[in-house]
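Biologist: I'd like to learn how to read a helix pair and a pocket. Can we go through them one after the other?

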Amino acid sequence: MGESLRTYKVVTHGCQMNVHDSERLAGLLEDAGYVKADQVGDPDLVVFNTCAVRENADNKLYGNLGQLAPAKTRHKDMQIAVGGCLAQKDRDTIVRKAPWVDVVFGTHNIGHLPALLERARVEQQAQVEILESLETFPSTLPTRRESAYAAWVAISVGCNNTCTFCIVPALRGKEEDRRPGDVLAEVEALVGEGVIEVTLLGQNVNAYGSDLGDREAFSKLLRACGQIEGLERVRFTSPHPRDFTDDVIAAMAETPNVMHQLHMPLQSGSDTVLRAMKRSYRQERFLGIINKVREAMPDAAISTDIIVGFPGETDEDFEQTLHVVREARFTNAFTFQYSKRPGTPAAEMDQQVPKAVVQERYDRLIALQEEISWAENKKQVGRTLEILVAEGEGKKDSRTDRLSGRAPDNRLVHFDPSLRGPNDQHSTRPSEPVRPGDVVTVEITYAAPHHLLAEGPMLGVRRTRAGDAWEKRNAAPAPKPAGVMLGLPTIGAPAPQSAAPSNGCGCD
């Protein structure tokens, strides 16, 4: 018998760009002959794709590496690689603190991972390779996508902003844009494989075109996506208020497959704090964008990111944030208590806000946003919505016999797939199961702050090419390689749409 294939596991922390990079890492490894480890088995290779933005990111990494040390001692052929933003920042520190790591690579050279692993195996010593500029645009690399029906498509990498709380520009470099033709070619190829929803991705996605010399490149790209036959839903994340122009709003409103859903990071409602953050807009500008979006798309669902307790934030500053939340009526908000991020200007600022004060403000913000989210979701009761069925979205689906999916505005909807309506002329037969990637029509009967329920029968079921692609992917049983038990938590790239509204790191 031949040598068994080496298995791998990619552990992802951080923002959607990291999720996208992890899909590329998986594709590279599979091209090199690795196979994805079974959930109940343990891999020969563990790759940590790290984030440097989240609080205690380094502690989390070294804690995970510490769990692997005994297994690495027992299993001599196991390899461990660390990449991503923390690797770009800490470099040789990782191998010094965790000498059992085999490879450290940065954000600019993920395509080198298979070669670095082989070099580490042959030379029997750690390989550390960090490049200062992007060598190959990640989307040109092989990929193993987590979803058969929805996909990330990176249109740019890097960021030209200098927000004082964010270290991402220092780690991912200045913005570099892909040519529109390359982006559209990737989208068309994905649609040909069965994908019906794409999310255009960039660290500052609507600044797209600054590297190309075309200020309207992003709106043109949205409109061009509207011409791709078979592409049903287009989203993008995350924009910056500075670059959010009227032509983008018009493109959203006038392109049928661009969803009326917007994630617009606020960070603070106080002009004073925004100035200290080096955010190049003020409260009036932000609310003006929200009003224009709602005038063009009254049904738009708008979410945001907010940082509480930025250095120097006063009670009055925080009240301004609450004012914007009341005025904007966000569908949901991803809220963060400010904490020092080493390497950022904000970490060195005076007037750090006491933890107890930050916590009290945070609790008040959460209470207000929960109230607004619930009120906004209640407006959906009685509406008939088309839901793109998702995989892994509903945490309780296996216990409730429900399925879950996303409405066009990205709200999460749970429904009972066993209930079929009596006048369901356009549905599949009841004997044909509803699959991830299919589209169901339901009436919303109940609203909670973070999800909607459709408790009655489905009004329609449309089997799609995306559902076919999901079924084909899952037809063959996954391999079950044997391995050494590592005791690692099950952590993987999140399902695309569960993460789509949020930066996860507040870096926009």
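**Helix pair, then pocket**

Modeller: H7 passes H8 in a right-handed crossing. Keep in mind that this is a predicted model.

Biologist: What are the crossing angle and the approach of the axes of helix H7 and helix H8?

Modeller: The axis of H7 (residues 180–192) comes within 11 Å of the axis of H8 (residues 217–225), and they cross at roughly 30 degrees. Angles under 35 degrees count as roughly parallel, so that is how H7 and H8 lie to each other.

Biologist: Which residues of H7 and H8 meet?

Modeller: From H7 you have Pro180, Val183 and Leu184, and they meet Leu221, Ala224 and Cys225 in H8. By class, this contact has 6 nonpolar residues, with no polar and no charged ones.

Biologist: Now the pocket. How does one find empty space at all?

Modeller: You roll a probe the size of a water molecule over the atoms, and that shows where empty space is left. Here, the second largest pocket has a volume of about 960 Å³. It is lined by 36 residues, and the closest to its centre are Glu393, Arg406, Leu412, His450 and His451.

Biologist: Which elements give two or more residues to that lining?

Modeller: They are strands E13 (301–308), E14 (332–337) and E17 (412–415), plus helices H13 (355–378) and H14 (397–400). H13 gives the most, with 6 residues.

Biologist: And how many nonpolar, polar and charged residues does the lining of the second largest pocket have?

Modeller: The lining has 16 polar, 11 nonpolar and 9 charged residues.

Notes: Residues are numbered from 1 along each chain as its sequence is written. This is a predicted model: local features need pLDDT of at least 70, side-chain atom pairs count only at pLDDT 80 or more; totals for chains, interfaces and linings use all residues. Side-chain values use heavy atoms; hydrogens and water are left out. On a 1 Å grid over the protein atoms alone, a cavity is a set of points where a 1.4 Å probe fits but cannot get out, and a pocket is an open set with protein on both sides within 12 Å along at least five of seven lines; lining residues have an atom within 4 Å of a point. Grid points are joined across faces, edges and corners, and a volume is the space filled by probe spheres set on the points. Helices (H or I, at least four residues) and strands (E, at least two) are DSSP runs, numbered from the N terminus. Ala, Val, Leu, Ile, Met, Phe, Trp, Tyr, Cys and Pro count as nonpolar, Asp, Glu, Lys and Arg as charged, and the others, Gly among them, as polar. Axes are lines fitted to C-alpha atoms, for helices over the stretch in contact, and angles run from 0 to 180 degrees between N-to-C directions. Angles under 35 degrees count as roughly parallel, over 145 as roughly antiparallel, 65 to 115 as roughly perpendicular and the rest as oblique. A crossing is left-handed if the near helix is turned anticlockwise from the far one by less than a right angle, and right-handed if clockwise. Contact means heavy atoms within 4.5 Å.
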